[in-house]
Amino acid sequence: MRTRVADSHNILHTDMPSMDRLLELRAAAFADDVEVHAAMLSWDEERLSTYFESGGKASAPPPPQRSLRVLSLHGGGGNRNVNAMQVSRLRRALGPPDVVHFDFLEGDHAWKSENIDPRLVQLFGPGPYWGWYGVENASGHGQNDRDAYVKAMMDPAVAFEYIGYEAALDRLERHISEHGPYDALVGFSQGAIMVTMLTARALQRAARGEGAPPAWACNVLLS
């Protein structure tokens, strides 16, 4: 049913007008010299009447605001489902998807089965689980032996090698170029390292005059 609102001059319909109705409103305002265009069909009648009565001088309504777009990266040994759970409170705090939209990108470095957290398997099933790059160290301790692994990380005599991170940065850049723009990047653990390195790479290129600065405005780093 169409709802009508009466005023002293006319009957205003609250749904979107047809072109015939738009011309009627223009004629009622004695504004035949004001040009009409198809975009006006998305205006409500109150706005149209104000526009015509001003002789076309009232400002047109601003374009609709797009939702903010966030790209979120999981940590080592995670995936998009794990990451969605990790940032669920942040998403709720920021608002519904029409206000803030999250995209989730997965790494392509297969995570070693012995390093996968068994709690994740209980919650999210057998995977697959991914990292952004590989990590090897001279101590031989894997991440499943957390205490020994952390001890090795703190030992300056133990060499660590980070494998494939440059290719991962290139892939992340391509994704942002092809699927962006994004307003913010969110990174969890190893994903936070990726966000930091990607931002530093873009800033360094811009400083050398070899590229644009980061197209996004904000980084959110979680551990």
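This passage describes the fold, one helix and several individual residues of a predicted protein model.

The protein has 223 residues. Its secondary structure comprises 8 helices and 10 strands. Of its residues, 33% count as buried. The exposed surface amounts to about 13,900 Å². Carbon and sulfur atoms supply 54% of that surface. Among contacts with a separation of 6 or more, 63% join residues 24 or more positions apart.

Confidence varies along the chain. The average pLDDT is 86, and 88% of the residues score at least 70. Residues 1–14 stay under 50. For this stretch the model has 26 contacts beyond four places in sequence.

Helix H7 was examined in detail. H7 covers residues 165–179, a run of 15 residues. From first C-alpha to last, the helix reaches 21 Å. This is close to the 21 Å expected at 1.5 Å a residue. Five residues of H7 are named as buried: Ala168, Leu169, Leu172, His175 and Ile176. Seen down the helix axis, the buried residues of H7 fall within an arc of 120 degrees, so they line one face. An α-helix has 3.6 residues a turn, so residues three or four places apart point the same way. The other side of H7 carries the exposed residues Ala167, Ser177 and Glu178. Several elements cover the buried residues, including strands S3 (68–73), S4 (100–105) and S9 (184–188). Helix H8 (190–207) is also part of this cover.

Strand S3 contains Arg69. Arg69 has a relative accessible area of 17%, under the 20% cut-off, and therefore counts as buried. Its side chain makes a polar contact of 2.8 Å with the side chain of Asp103. The side chain of Arg69 also reaches the backbone oxygen of Pro181, at 3.0 Å. Beyond four places in sequence, Arg69 touches residues that include His101, His179, Gly180, Tyr182, Asp183 and Ala184.

A second arginine, Arg21, is in helix H1 (residues 19–28). Arg21 is buried, because its relative accessibility is 12%. A polar contact of 3.1 Å links its side chain to that of Glu45.

Ala206 belongs to helix H8. With 26% relative accessibility, this alanine counts as partly exposed. Outside its neighbours within four places in sequence, Ala206 is in contact with Gly211, Ala212 and Pro213.

Backbone geometry was considered next. Most residues other than glycine have a negative phi, and most peptide bonds are trans. Two cis bonds can be described here. The peptide bond from Gly180 to Pro181 is cis, with omega near 5 degrees. Pro181 lies in the loop between H7 and S9. The bond from Gly127 to Pro128 is cis as well, with omega near 15 degrees. Pro128 sits in the loop between helix H5 (118–124) and strand S6 (130–131).

Positive phi values occur at Phe30 and at Ser189. Phi of Phe30 is near 50 degrees. This phenylalanine is in the loop between H1 and helix H2 (45–53). Phe30 is exposed, at 76% relative accessibility. Phi of Ser189 is near 55 degrees. Ser189 lies in the loop between S9 and H8. At 38% relative accessibility, Ser189 is partly exposed.

Definitions and conventions:
Residues numbered from 1 in each chain as written. Predicted model: local features only at pLDDT ≥ 70, side-chain atom pairs only at ≥ 80, totals over all residues. Heavy atoms only, no water. Helix = DSSP H or I, 4+ residues; strand = E, 2+ residues; numbered from the N terminus. Buried < 20%, exposed > 50% of the residue type's maximum accessible area, 1.4 Å probe, protein only. Contact = heavy atoms within 4.5 Å. Areas by Shrake-Rupley, 256 points an atom, 1.4 Å probe, with all protein chains shown as cover. Expected span 1.5 Å × (residues − 1). Arc of directions from axis to C-beta. Polar contact = N/O pair within 3.5 Å; in protein donor to acceptor, adjacent residues only side chain to side chain. pLDDT = per-residue confidence, 0-100.
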